[in-house]
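User: Please take a close look at the salt bridges of this model and at the surroundings of its ligands. I am in my first year, so kindly explain each term when it appears.

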Amino acid sequence: MRILVLGGDGYLGWPTAMYLSQRGHEVGVVDNFIRRTWDHELGAESLVPIASLQERVAVWEAVTGKRIEIHIGDLNDYTFFEPVVRDFKPEAIVHYGEQRSAPYSMINRRHAVFTQVNNIAGTLNVAYAIADHVPDCHLVKLGTMGEYGTPNIDIEEGYITIEYKGRTDTLPYPKQPGSFYHLSKVHDSHNLMFCCKIWGLRATDLNQGVVYGVDTDEIKFDERLRTRFDYDGVFGTVLNRFLVQAVAGMPLTVYGKGGQTRGFLDIRDTLACVELAILNPPARGEFRVFNQFTEQFSVMDLALAVQETARECGLEVTINNLPNPRVESEQHYYNAINTSLLKLGLQPRYLNDTLLESVIHVVQQHKNRVNDTLILPGVNWRQTVNG
Ligand code: NAD
Ligand code: USQ
């Protein structure tokens with residue numbers, strides 16, 4: 001198939017582009033490199049050195065003989081994006097191209113506004129370009145499990161059937177997100193559901209949990225194909241951060257009590273899920289939602305697992321319960337349904353010692369690049385900063 005990967009220079013976008021290319025799809029990537037600019041803004045850097053997109057694509061072609069097309073530009077610039085869609089004529093678009101950090105969106109007013117404009121307006125442009133030029137194209141949009149928050153009932157996949165005053169309806173599942181970033185995904189979901197209804201587009205919203213891991217089969221072909229690996233307090237996600245902290249000899253930064261429970265998945269399962277969604281498209285007019293994670297853990301479960309594996313690798317690690325910089329429940333019920341992707345054939349790779357050890361090994365190779373001033377959280381949800 002002809003597949004455009006938006007955000008194809010990012011942590012998930014680049015491995016996805018290679019994975020789809022390796023499976024014989026014709027792949028184009030779109031990115032404006034703004035993620036690399038945010039590194040400069042924050043004085044941060046991927047722990048694992050990453051090549052430019054141009055070098056990655058050249059190495060990929062040299063190693064596999066397969067071409068990946070590059071389109072450099074902003075999804076919010078329709079004069080750039082419209083011709084890309086018109087000329088590439090994708091049969092599927094995988095949309096990763098958003099500002100994805102909850103702490104970044106909570107820095108101050110400017111970052112909150114930027115996040116919502118970038119994500120919501122960018123996604124609207126994607127929907128318009130599909131409607132205008134390739135109305136049959138399947139949009140595979142990355143959403144987040146954080147759209148649902150932590151309700152005291154089971155979390156269904158996008159919709160819930162409710163009986164009220166003797167009548168029954170199936171309605172969008174209630175959303176209680178925990179940051180302006182997570183809210184941007186909720187707004188995207190509403191816009192896309194509406195676009196499917198009015199224009200007959202077909203879309204899959206992949207409500208993904210927190211991703212961990214550093215290696216995919218394609219990355220292993222050549223060191224220059226590596227994807228970014230963030231560990232700083234703004235862009236680093238929890239398990240990736242704990243593994244870096246363990247290697248750097250720093251206490252694991254559990255926020256509050258650590259009972260916060262989330263869905264998690266291995267980066268290789270992200271790629272498998274995205275391809276399964278592409279190969280099994282919804283009908284025209286359907287807005288389909290899949291919960292994309294394989295296991296649930298509390299933050300404290302993860303800290304204890306990292307501590308245990310680190311000990312087996314000869315590293316002594318302590319756990320530090322920091323005052324929580326976020327506003328979130330620290331002890332709550334959590335049971336999310338994730339059967340749709342399993343029914344399509346996903347074979348999950350569950351978190352185990354071997355995976356933790358393999359990430360620890362990669363982190364150890366780059367230990368001298370850890371900047372310990374970036375580890376502690378610096379963004380506080382309770383402060384409104386008018387910057
Ligand atoms: P990332 O920041 O590494 O990659 C996103 C890419 O999109 C970057 O390369 C960035 O330059 C690009 N981008 C952003 N705005 C753009 C714009 N307006 N125009 C063009 N390019 C733009 O993020 P990631 O970790 O790869 O996440 C990808 C997607 O998956 C995001 O939408 C995120 O919300 C979602 N997601 C990620 C995780 C996770 O744990 N990483 C979990 C759930 C969902
Ligand atoms: N946490 C800690 N210590 C840390 C970092 C995080 O205890 O050092 C806690 C947070 O308070 C939170 C949980 O771990 O309760 C997850 O935090 P995170 O930073 O790993 O993940 P989150 O902010 O939710 O965002 C990440 C991605 C985002 C994606 C989301 C999926 O950055 O793009 O949408 O995971 S989900 O969590 O399912 O919404």
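Analyst:
**Salt bridges and ligand shells**

Glu147 and Lys175 form a salt bridge in which the closest N and O atoms are 3.0 Å apart; the term denotes a side-chain nitrogen of Lys or Arg within 4 Å of a carboxyl oxygen of Asp or Glu. Glu147 belongs to the loop between E5 and E6, and Lys175 to the loop between strand E7 (167-172) and H7, so the pair ties together parts that are 28 residues apart in sequence. Here helices (H or I, at least four residues) and strands (E, at least two) are DSSP runs numbered from the N terminus.

The model is predicted: local features need pLDDT of at least 70 and side-chain atom pairs pLDDT 80 or more, while totals for chains, interfaces and linings use all residues. Residues are numbered from 1 along each chain as its sequence is written, chains are lettered from A and ligands numbered from 1 in the order written, and side-chain values use heavy atoms, without hydrogens and water.

The two partners differ in exposure. Glu147 is buried, at a relative accessible area of 0%, whereas Lys175 is partly exposed at 24%. Buried means under 20% relative accessible area, exposed over 50%, and partly exposed in between (1.4 Å probe, protein chains only).

The whole structure holds 26 salt bridges. Another of them joins Glu223 to Arg226, with 3.3 Å between the closest N and O atoms; Arg226 is buried, with 7% relative accessibility. In helix H10 (residues 299-312), Arg311 and Glu308 are about one helical turn from each other, because three residues separate them. Their side chains meet in a salt bridge of 3.8 Å, N to O. Arg311 is partly exposed at 42%, and Glu308 is likewise partly exposed, at 40%. Elsewhere, shared partners connect salt bridges into one network made of Arg35, Asp39, Arg100, Arg228 and Asp230.

Arg100 also leads to the ligands. It is among the closest of the 29 residues that surround ligand 1, together with Asp31, Asn118, Tyr181 and Lys185; a residue counts as near when one of its heavy atoms lies within 4 Å. An N or O atom in the side chain of Arg100 is 2.8 Å from an oxygen atom of ligand 1, and a side-chain N or O atom of Lys185 is also 2.8 Å from an oxygen atom of this ligand. Alone, ligand 1 would expose 830 Å², of which the protein buries 98%; such areas come from the Shrake-Rupley method with a 1.4 Å probe. Helix H2 (34-42), strand E5 (138-144), helix H7 (180-199) and strand E9 (210-212) each give at least two residues to this shell.

Around ligand 2 there are 22 residues, and Thr144, Tyr181, Val238, Thr253 and Glu328 come nearest. Arg100 takes part here through its backbone, a polar atom of which is 2.8 Å from an oxygen atom of ligand 2. A backbone N or O atom of Thr253 lies 2.6 Å from a nitrogen atom of the ligand, and an N or O atom in the side chain of Arg326 is 2.8 Å from an oxygen atom of ligand 2. Of the 730 Å² of accessible area that ligand 2 has on its own, the protein covers 95%. H7, helix H8 (238-248) and strand E10 (252-255) give two or more residues to the shell, and E10 gives the most, with three.

Methods. Polar contact = N/O pair within 3.5 Å; in protein donor to acceptor, adjacent residues only side chain to side chain.
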